[in-house]
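Let's take a friendly tour of a protein chain, one topic at a time. Have the structure open and look for each part as it comes up.

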Amino acid sequence: MNNKRAAAGMLAAVLLLMGANPPAAAERPEAASGSAVQTFIETVQQLLECSARENALTLREEAASHLKYMDGSGVGMFEPDKGLTRAEAAQILYTLADDPPEIEGGFPDVPETAWYAAAANSLARAGVMPGDEEGMFRPDEPFTRAECAAAAACFLPRGRIPITFLDVPVGAPYYEEIGIAAANGLFSRPEDGCFRPDDPLTRAEAAAVFNRLLGREPDTDTIRTSEKVRFFPDVPETHWAYAQIMEATVSHEQEYAEAGEHWVSLTEERHPLADGFHNIDGWLYCSQSGRFVRSRTVDGFAFGADGRYTTGNPTLDNILAEIIRTQTNASMTETEKLRAVYSHVRDRFTYIKRELISKGRTGWEPAYAEAFLRDGRGNCFGYAATFCLLARELGYDAHTVVGWLGKNRQPHGWVEIVLNGKTYLYDAELEMKYRSSNFFQARYGNTLYAYYK
């Protein structure tokens with residue numbers, strides 16, 4: 001890194017000196033003068049590029065094999081908008097570098113057993129990702145766009161004219177590196193002319209930048225048509241970086257064609273989730289053999305093309321997912337999550353007379369739940385429909401029941417769930433009215449009123 005800068009500096013100094021003392025105009029024709037200057041500039045440009053190639057760190061040779069260098073999370077998501085951490089960035093660059101140095105120790109905040117320890121220590125020694133002034137690596141902090149440009153510049157030639165940005169003035173940290181990275185096509189110059197150097201580099205941006213650093217061009221045709229291409233529920237095909245993310249996360253064999261890269265074969269990737277239902281960030285998914293179920297119904301649960309459980313009403317689906325996100329958390333048990341959404345339905349809404357559900361009617365729940373959530377009130381069937389669908393979002397095989405209540409056989413609706421072979425009833429509307437009684441996971445015959453199905 002230092003040798004490269006020194007060589008570039010000396011050659012630039014020679015160029016400046018020559019420009020400061022040009023030959024007299026009378027000594028040569030104008031055409032000859034222009035030709036000589038142009039030849040000199042081209043020579044200096046070649047020397048700069050040659051010096052950069054000799055001193056720059058190198059990337060691993062990929063040839064026909066393009067191995068994945070990014071992966072999904074432990075629950076099968078890619079999290080495209082999440083900022084890449086310095087630890088993650090170090091591991092990626094360490095993987096992409098050709099024969100990086102092996103260094104032990106070096107940073108107080110990098111445990112020797114950390115999964116990124118070898119990468120952090122190696123790249124710091126090579127000057128690609130140095131520590132801060134206090135000698136810390138800061139592994140969990142965001143990897144900024146400026147830091148990414150500086151790290152990538154270590155692998156790039158310095159012969160191209162840098163691109164400048166309005167928010168990266170001369171003298172700003174990583175000014176030169178940002179200009180070089182942009183000049184080599186790793187970053188574009190937006191219409192507003194800003195680079196946003198202090199913004200975290202998102203995981204989606206990382207895939208695009210590192211693919212360009214490697215010279216990879218995604219085979220969009222194969223990516224969009226092959227059934228073996230991995231599926232991330234949080235990266236739809238309409239995402240701006242969809243093809244770039246697939247390029248970075250799918251190992252494949254390729255050959256170069258006139259239109260760019262052509263995938264000859266690919267490795268089918270599977271996520272680590274166990275088979276069954278999983279609520280992730282408010283959405284219910286079904287995993288089977290390391291794949292998300294899509295466009296199919298499993299045990300009465302309908303899953304859309306995006307892998308998410310759906311009521312058939314997209315607006316309602318979004319509202320239900322938001323309730324799950326805000327009312328539950330990962331530290332809760334499954335029963336605690338169910339209790340949380342039950343309490344939400346019981347406490348946040350009020351009663352109003354609405355149309356009753358007739359015996360034998362099916363498929364009424366989404367419409368009643370949507371009206372209940374929109375208006376903030378409803379009858380027993382609105383309470384039942386809403387809790388039932390929330391329970392299903394958590395993976396419970398919940399069902400509404402249309403029946404009668406008490407000695408007078410009043411029309412009534414509630415929810416049933418079978419757990420470990422036992423049938424339990426849930427009645428948020430009645431508990432809203434009679435707070436001293438428990439209607440959560442109650443048993444028939446042990447409640448304040450008799451239920452008749």
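Strand β11, residues 399–405, pairs with β14 in the antiparallel sense over two bridges. One place to look is L405, whose bridge partner in β14 is Y451. Keep in mind as you explore that this is a predicted model.

**The sheet around β11**

- Four strands form an open sheet here, in the order β13-β12-β11-β14, and their pairing is antiparallel.
- The edge strands are β13 (422–426) and β14 (451–452), and each of them pairs on one side only.
- Helix α13, residues 380–393, packs on this sheet and touches β11, β12 (410–419) and β13.
- The direction of α13 makes about 15° with that of β12.

**Helix α12 and what covers it**

- Which residues of helix α12 (residues 365–375) are buried? They are E365, P366, Y368, A369, A371, F372 and L373.
- The cover over these buried residues includes the helices α10 (314–327), α11 (334–348) and α13, together with the strands β10 (377–378) and β11.
- Just after α12 you will find G376, which takes a positive phi of about 75°.

**The nonpolar cores**

- In soluble globular proteins, nonpolar side chains tend to be buried together.
- In this model, the largest nonpolar core has 65 residues. Those with the most contacts inside this core are M70, L84, M129, F187, F210 and I245.
- Seven named elements are worth tracing here: α3 (86–96), α4 (117–125), α5 (145–153), α6 (175–183), α7 (203–214), α9 (242–249) and β3 (260–266) each give two or more residues to this core.
- Try selecting I245: leaving aside its neighbours within four places in sequence, I245 is in contact with F78, P80, A204, A207, F232 and V235.
- Apart from the largest core lies another one, of 49 residues, and A384, L394, V415 and A442 are among them.

**The chain as a whole**

- How many helices and strands does the protein chain have? Its secondary structure comes to 14 helices and 14 strands.
- The protein chain has 453 residues, and buried residues make up 47% of them.
- Among contacts with a separation of 6 or more, 61% are accounted for by residues 24 or more positions apart.
- The accessible surface of the chain comes to about 23200 Å², and 51% of that belongs to carbon and sulfur atoms.

Key: Residues numbered from 1 in each chain as written. Predicted model: local features only at pLDDT ≥ 70, side-chain atom pairs only at ≥ 80, totals over all residues. Heavy atoms only, no water. Buried < 20%, exposed > 50% of the residue type's maximum accessible area, 1.4 Å probe, protein only. Contact = heavy atoms within 4.5 Å. Areas by Shrake-Rupley, 256 points an atom, 1.4 Å probe, with all protein chains shown as cover. Pairing = 2+ DSSP bridges. Axes fitted to C-alpha atoms, helices over the stretch in contact; angles between N-to-C directions. Core = buried A, V, L, I, M, F, W, Y, C linked by side-chain atoms within 4.5 Å.
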